[in-house]
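Reader: I'm new to this and would like to go through a structure with you. Could we take it bit by bit?

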Amino acid sequence: MYRSYRGFSSGTIWVLIGLNLLLFIATAINSELIFYLGLQPAGFTARPWTIVTSLFVHGSLWHIMANMLTLYFFGRYVRSLIGESRFLTVYFGGGILGSILFILLAPPYLIAIGASGAVFAVGGVLTVMRPRLRVFVFPIPAPLPLWVAVIGGFLIISFLPFVAWQAHLGGLIVGLITGYIFRKRERRFF
């Protein structure tokens, strides 16, 4: 079943973006919230909700803008391909696996925040389902194959200091695996 990309509603995407923006404003007003909502391996048993709340907290304007713009463009496309419930499963599955990998692999007193793991899951799905898709990545003036943007973005961003590469990796794993499953189903359908 083919759904038109342009005409497909993106209400779920806007709700996720709105929640992220709301918490960004709240943490800008009261930065102590980052310690209450961010994921810290050593504090996880005392604050288990942070496995999810950390996905909605961002540390800077650049951080939230990069994640929300990617979520909007990739998320709308993925949602049109797999539907709303599967999209949410991928999004939160990638974010939660990213949080689990952060708990297991990161130093115990670091704090992870951001939707990057969930966004990498969405990018991973799209990479597998539409491997020939070309995208523009600022500041590169020519379109790149999506897989180069997603995998290259993962490699470049993950080696920057103070980046929770474990969360990115967890999200990307979920995205690539579920993208493969959805693509096989899509091919059988057609």
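Reader: Which residues form one aromatic cluster with F56?
Author: Quick heads-up: this is a predicted model, where local features need pLDDT of at least 70, side-chain atom pairs count only at pLDDT 80 or more, and totals for chains, interfaces and linings use all residues. Residues are numbered from 1 along each chain as its sequence is written, and side-chain values use heavy atoms, leaving out hydrogens and water. Rings of Phe, Tyr and Trp (its six-membered ring) pair if their centres lie within 6.5 Å; planes under 30 degrees apart are stacked, over 60 edge-to-face, the rest tilted. F56's partners in the cluster are F87, Y91 and F92.

Reader: Which residues in α1 meet the α5 residues, F87 among them?
Author: Helices here are DSSP runs (H or I, at least four residues), numbered from the N terminus. Contact means heavy atoms within 4.5 Å. On the α5 side sit E84, F87, L88, Y91 and F92, and they meet T12, I13, L16 and N20.

Reader: Why does the pair of F120 and F154 tie together parts that are apart in sequence, and how many residues apart are they?
Author: That pair is edge-to-face, with 5.9 Å centre to centre and 85 degrees between the planes. F120 belongs to helix α6 (residues 116-129) and F154 to helix α7 (residues 146-158), so the pair links parts whose separation in sequence is 34 residues.

Reader: Are F120 and F154 buried or exposed?
Author: Buried means under 20% relative accessible area, exposed over 50%, and partly exposed in between (1.4 Å probe, protein chains only). By that cut-off, F120 and F154 are both buried.

Technical notes: Helices (H or I, at least four residues) and strands (E, at least two) are DSSP runs, numbered from the N terminus.
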